[in-house]
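Welcome! Here is a short tour for anyone meeting these two chains for the first time. Have a look at the model, then read on.

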Amino acid sequence: MTLAQSLSIGAPEVVLAAGALVLLLLGVFRGNDSLKGLSWGAVILFGLTALTVIDDAPARELAWNQIYVADSLSAFLKILILAGAAAAVLMALPYMQRVKQHRFEYPVLIVLATLGMCVMVSANNLLTLYIGLELMSLAAYVLAAFNRDEQRSTEAGLKYFVLGALSSGMLLYGVSLVYGFVGSTEFTRIAAGLSAGGERNMGALFGLVFVFAGLAFKVSAVPFHMWTPDVYEGAPTPVAAFFATAPKVAAMGLFMRVALDAFSGMIADWRQIVIFMSIASMFVGAVGAIGQSNVKRLLAYSSINNVGFMLIGLAAANAAGASAVLLYLTIYLVMTLGSFLVVLSLTDADGNAVETLDDLAGLARSRPWLATALAIFMLSLAGLPPLFGFMAKLAVFNAAVDAGLWLLAVLGVLSSVIAAYYYLRVVKILFFDPPADVVVNGEGGAVINNGMMIAAAVFCSPIGYLLLGPLAQATRTAASSLF
Amino acid sequence: MTPQHLLLLIVALPFLGSFAAAFLPTRARTQATLLAGLIAVVGAVGIGSLYPAVSQGQILLSVTPWLPSLDLNLTFRLSGVSWLFAMLVLVMGALVILYARYYMSDEDPVPRFFSFLLAFMGSMLGVVLSGNLIQIAFFWEVTSLFSFLLIGYWHHNQSARDGARMALMVTGAGGICLMLGFILLGQMAGGFSLDTVLASKDAIHSSPYYPLALALILIGCFTKSAQFPFHFWLPHAMAAPTPVSAYLHSATMVKAGVFILILLWPVLSGTDLWYFAVAPIGAITLLIGAWVAIFQQDLKGLLAYSTISHLGLIVLLLGLGSPLAAVAAIFHTVNHATFKASLFMAAGIIDHETGTRDIRKLGGLWNYMPITATLAMVAAAAMAGVPLLNGFLSKEMFLAEVLEDHSGTLIDAVLPWLATIASAFAVLYSIRFIHQVFFVAPPEPLPRTPHEPPPWMRRPIEILVLACLLIGIFPAATIGPFLASAVRDTLGDQAPAYSLAVWHGFNRPLFLSLTALAGGLILYILFGGRLNAAKASPVVGRLKARRTFEAVVERGIAIAGWLHALAGTRRLQPQLRVLMIFALAAAALPFLFLGYSVGSERWTGVDPVFALLWLIGGSCALAAAWTAKFHRLAALILVGAAGLATCISFVWLSAPDLALTQLLVEIVTTVLLLLGLRWLPKRQPDIWPETRMPVQVLARRGGDLAIAIIAGLGMALISYAVMTRPVTDSIADFFTRNAYAEGGGTNIVNVILVDFRAFDTLGEITVLAIVAITVFSLLRRFRPASDSIETPEQQRVQADFDRRHADREVGDTVTDALMVPRLIMQWMFPVIITFALYLLLRGHDLPGGGFAAGIAMSIGILLQYMAMGTREVEDRLMVLPINWIGIGMLAAALTGAGAWLFGYPLLTTFFRYLDVPLIGEVPAASALLFDLGVFAVVVGSTVLVLIALAHQSIRTPRAARPAEPKAGEEQG
């Protein structure tokens with residue numbers, strides 16, 4: 001295979017990498033005032049990349065000596081990632097102006113992180129995986145601390161970095177153990193090597209455990225979740241929205257590929273780990289959220305909880321489970337983006353961000369549409385019909401029952417009952433509580449943010465079911481490339 | 001229009017209407033009523049028009065392909081039983097809409113009310129008409145949601161908010177359980193479509209998941225149909241406007257659970273489990289509901305508990321599992337809907353006209369509103385089971401059923417008693433309702449003088465009461481055919497023969513009925529007067545399900561908070577600790593439980609010297625960690641010592657090249673760190689003022705130490721387990737075989753760097769160069785302002801010393817201090833350079849190479865800076881690190897590209913040995929040039945960082961110093 005062929009298969013990454021450098025250079029020469037232009041440039045870049053992704057034939061293609069794979073799964077995930085990243089770039093514009101942090105690096109960092117995520121979901125080799133993961137993480141550490149004038153943000157960046165570095169170390173250690181015991185870092189060969197011996201490859205199990213620990217950190221599954229609330233709370237809101245969406249998609253996709261492709265011979269072994277993480281995440285997420293008074297922390301716990309549900313689909317370890325995870329990811333992405341968009345557009349009279357639940361009391365009276373949107377997202381996250389989030393939960397439960405994991409499904413139901421409590425609490429605060437004294441303003445001039453918010457709300461509303469047909473088809477095709 | 005389209009339209013219409021109503025002006029009461037009423041009537045007519053087909057036993061299906069992959073199509077299914085329920089929903093809906101037009105006041109935003117009500121009607125139709133389980137679960141939850149919105153319609157009212165939330169939490173949670181139960185059921189049946197499920201009774205009964213699925217479905221149904229112990233939400237839902245209570249909480253939504261039980265009765269019932277799970281719950285609910293209803297002082301509360309009791313009756317009938325009982329259940333569902341809805345509406349009128357619902361304050365209304373009173377009396381009589389009314393008929397069937405033997409257990413013996421007692425209670429509360437409200441003189445004047453409501457507000461009640469009478473007197477002619485088609489649909493071949501007649505002769509059920517009527521009457525005569533004083537229902541009132549529920553919720557929140565405080569933390573250290581402990585545990589699992597053990601290779605023993613070396617290294621590392629917080633300099637030196645132990649280990653394990661590189665890297669990093677440390681306080685002795693660590697800190701650090709030791713041992717164990725396994729073919733063999741043959745060198749590491757992996761090396765030195773430039777610019781930009789830095793403490797001490805001695809100038813000590821080492825370092829400079837060049841040249845075959853040489857060279861320059869000070873070095877030496885970097889990069893890249901000239905791929909090496917006079921045979925591979933590039937980049941990068949650090953020392957500190965001690969003061 002020639003370099004040219006490889007380059008054409010890896011076109012999305014090539015476009016992103018080149019684009020990131022161009023944006024960076026432009027930013028350096030034009031200064032911080034170019035933030036707006038660069039942001040739109042980044043969005044256009046994401047669009048171009050999406051075109052190259054869609055352009056790819058759905059057939060499975062390997063490039064660069066089998067370290068890179070382009071298939072329908074990677075294409076599906078990349079579209080999600082690009083959409084999430086584009087939203088994160090756009091939604092930040094008014095915010096950055098408001099907090100006087102308009103620096104040109106923001107879109108560039110997002111593009112770099114996106115590049116890392118695209119590499120992650122296209123990894124066919126543990127080392128490609130690692131490179132992608134690190135590229136994403138390094139950009140993310142900086143993004144977390146982007147608001148340099150605020151102590152919380154700096155603290156978030158530092159914490160994320162220290163813990164992230166530790167988890168990366170674990171992952172790398174696991175990779176080296178797997179390599180040592182299986183003799184390859186390539187997914188297909190690992191799968192072949194694991195099934196070759198006949199008996200269980202115990203050494204590779206160590207590697208697996210550490211690799212999973214590293215991945216669990218990135219998806220913020222319990223017990224590697226503790227950074228999530230702190231980082232979401234501390235990081236600038238658009239950055240937290242970014243963290244909660246695109247990287248989750250990438251890490252979850254990667255998790256699926258590693259578990260269902262590379263370690264497909266050890267399903268019985270890793271299933272235990274995934275089930276444990278799933279149950280723990282669902283319950284910690286649900287229970288942890290109850291006591292929260294900060295919306296961003298609440299959303300952090302909500303994301304932990306949701307990751308638990310996604311892991312149910314992964315634990316099912318069948319095609320239905322995989323496509324359920326993908327469906328869940330898609331819906332989750334929109335719900336979470338929407339929730340953060342609402343949080344982002346709330347400010348008090350002085351222009352400070354409004355983040356506590358108490359301040360949201362009676363929002364329905366002062367800003368009914370905003371409250372309605374947030375209520376839609378909350379109820380959808382709770383998985384209540386007629387909202388679209390119901391479909392996500394239904395799909396994973398169905399997959400779990402399909403795989404005979406009924407106990408997991410029952411525990412999932414139990415935890416979603418607990419989780420429903422705090423989502424409903426938010427709705428109650430919004431609609432039924434007497435209004436708080438805080439004057440809540442919408443973000444001025446954020447037409448695009450409002451547009452995205454409306455789009456997300458419509459997607460989560462029953463109208464979203466109209467999209468279910470094509471969506472289910474796409475997730476099924478994507479999942480089929482793993483089996 | 002085909003029946004299929006008609007079905008779809010009937011379900012869709014209410015939702016469209018709901019959407020439209022939401023956009024009507026707030027005061028458009030009549031228009032909203034017309035819209036909603038029209039939709040209900042059209043739906044009823046539509047469903048009615050499909051009756052001929054249904055009555056022949058046809059099942060009408062409307063399938064819209066949607067998600068065939070998940071076995072999910074948008075399916076609507078009209079069969080006998082769903083026809084009956086759909087009709088109930090639509091007709092009741094129409095009547096309630098008419099009633100609500102007059103009930104709602106002008107101040108309320110009525111279109112919103114109708115919007116919710118229509119949406120509820122649509123979702124209720126969805127529940128009864130859906131042809132697959134998932135769809136049912138979907139619409140099921142939607143009904144809960146709109147019930148929530150309708151209960152909370154007057155959201156300025158605290159009890160409405162609480163009631164709404166409680167209802168949603170209970171029924172919503174039940175709905176989620178129901179969904180999972182349905183998924184399991186679909187799994188057992190092999191598909192979610194209702195036809196598939198209903199056809200797979202045997203598969204379902206024999207499945208091991210049957211008990212679980214049954215339990216989940218029952219939880220769903222019991223929460224929705226307000227069965228004990230989930231019944232408590234229903235009385236609190238009475239905070240809703242009365243039309244909502246009449247429609248949702250007596251006629252339709254609470255019947256959804258019953259509907260599912262009837263629908264799935266053919267496949268779920270018929271087992272002991274079914275009987276023992278359903279029948280007792282129904283019986284308990286029947287009795288408790290009736291008992292509590294007696295003591296209610298709120299009209300709607302009385303009706304709510306009565307509803308609970310009647311729902312319990314229906315559930316009990318279904319639980320009995322016999323076909324006749326199922327017939328009775330279906331029949332009573334319809335009858336209850338008619339008389340209870342009319343009673344609710346009457347209660348609403350009374351509330352409306354008098355301004356109170358308190359039974360104790362009401363009385364004598366017969367004088368003011370005789371028509372309403374008559375209607376209410378008929379409906380209440382039906383509720384009590386008085387003959388010639390519909391309630392009597394189904395109650396007779398019920399009593400006949402409980403007299404049968406079903407399980408041969410104690411339950412059979414108890415049921416007739418229980419049924420009679422509950423019936424007597426029903427008679428009692430019905431009499432109390434009528435007597436207290438319409439006849440007894442009120443204790444104090446009514447809040448308002450009541451009069452008859454507008455006639456159209458009374459119409460719905462009149463219609464319903466007429467239905468009660470007609471069904472009660474001519475059952476076979478009125479409800480007969482509809483009931484028959486529903487029964488045939490549900491029971492199929494099992495459909496029993498039953499007779500709908502008012503008079504069955506003197507038999508045991510009639511006897512029980514009469515006993516109950518008489519008992520109720522006697523009880524009222526005996527105790528009726530005292531009931532007004534009751535604050536809560538005796539015995540059962542203690543249960544206080546609502547308070548229990550709230551306590552559980554509150555307790556749950558408290559526990560959640562406690563758990564969160566216990567396990568959650570915002571501090572970094574505990575988070576790290578958790579991460580480490582879990583990783584440890586995960587890695588320990590294979591060893592502890594999966595029988596993983598060390599490999600089979602022989603244990604070669606430990607050399608005591610080597611062990612000692614590691615002991616020293618380990619202690620240094622430990623000590624470094626322990627002191628890092630208090631004394632950074634000491635920690636750094638200890639880290640260096642640990643690194644040195646690693647170096648020696650490499651030598652020991654015959655890797656001199658690695659050892660050399662490691663050593664040099666250690667030196668450079670240590671020195672650079674040392675230079676960096678000057679910006680930080682040297683030591684922090686004052687962290688603990690009492691110079692002793694508090695116990696908890698000691699414990700914490702001890703714990704961390706233990707974790708570190710265990711983790712280290714664990715890593716060692718894994719490594720040991722790995723290394724004691726036979727080595728499979730590794731890439732190392734390839735390099736040993738080919739290093740000389742193809743790369744022309746015997747130093748394998750170097751050949752890998754400059755030949756096999758030259759491209760990687762090119763990348764690495766590029767990165768190194770970038771890093772150096774980045775560090776340089778960072779240090780230049782982000783250094784502290786000179787206003788804020790002070791002279792280092794050491795220099796101050798030295799300057800003080802100089803000042804105190806008359807014969808010394810300030811600065812002398814600094815100059816003198818390193819006199820001897822300085823001289824040595826200056827002399828060493830040429831030696832080190834020569835050494836570096838030597839390393840470079842021999843690198844291809846012997847330990848050394850461009851990287852090691854570069855590091856060695858940098859050490860030379862470093863020493864110069866340390867010995868002579870920045871100014872002096874730069875006076876004498878032209879160090880241009882950027883040029884070094886640039887030249888190095890160029891050299892490496894050009895050497896690599898040179899291969900193209902000869903037609904080879906990038907970075908192909910060429911080698912031969914040259915015979916140089918005096919020196920002898922020298923390897924002259926093109927790789928040497930490449931190595932030269934590496935050398936130059938390493939030197940340039942290291943020195944660049946060094947310069948950035950060193951230049952900090954020539955800046956003049958301007959910060960205000962602490963007051964300097966006066967000379968002479970401390971001399972003595």
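Let us begin with chain B, where the centres of domain 1 and domain 2, taken over C-alpha atoms, are 100 Å apart. Domain 1 of chain B covers 325-537 and domain 2 of chain B covers 748-954, with bounds that come from an automatic or database domain assignment.

Before going further, a word on the ground rules. This is a predicted model, in which local features need pLDDT of at least 70, side-chain atom pairs count only at pLDDT 80 or more, and totals for chains, interfaces and linings use all residues. Residues are numbered from 1 along each chain as its sequence is written, chains are lettered from A and ligands numbered from 1 in the order in which they are written, and side-chain values use heavy atoms, leaving out hydrogens and water.

How confident is the predictor? pLDDT is its confidence in each residue, from 0 to 100, and chain B averages 83, with 90% of the residues scoring at least 70. Among the elements of chain B (DSSP runs numbered from the N terminus: helices are H or I with at least four residues, strands E with at least two), helix 10 (residues 210-224) has the highest mean pLDDT, 92, and strand 4 (residues 920-923) the lowest, 62. Residues 963-972 of chain B stay under 50. For the complex, the predictor gives an ipTM of 0.83 and a pTM of 0.85.

Now to the meeting of the chains. Chain B and chain A each bring 58 residues to the contact, where contact means heavy atoms within 4.5 Å. Together they bury about 5,700 Å², 80% of it on carbon and sulfur atoms; buried area is the accessible area (1.4 Å probe) that two parts lose on being put together, summed over both. On the chain B side, R165(B), R570(B) and L579(B) lose the most area to chain A, together 11% of what that side buries.

Within chain A, helix 15 (residues 319-344) and helix 17 (residues 368-382) pack at an angle of about 145°, their axes 9 Å apart. Axes are lines fitted to C-alpha atoms, for helices over the stretch in contact, and angles run from 0 to 180 degrees between N-to-C directions. Helix 15 of chain A contributes M335(A), G338(A), S339(A) and V342(A), while the residues from helix 17 of chain A include F377(A) and M378(A).

Finally, the backbone has some special spots. Most peptide bonds are trans, but two cis ones appear here:

| Cis peptide bond | Omega |
|---|---|
| V222(A) and P223(A) | about 10° |
| F228(B) and P229(B) | about 5° |

P223(A) sits in the loop between helix 9 (202-219) and helix 10 (227-234) of chain A.

Definitions and conventions:
pLDDT is the predictor's confidence in each residue, from 0 to 100.
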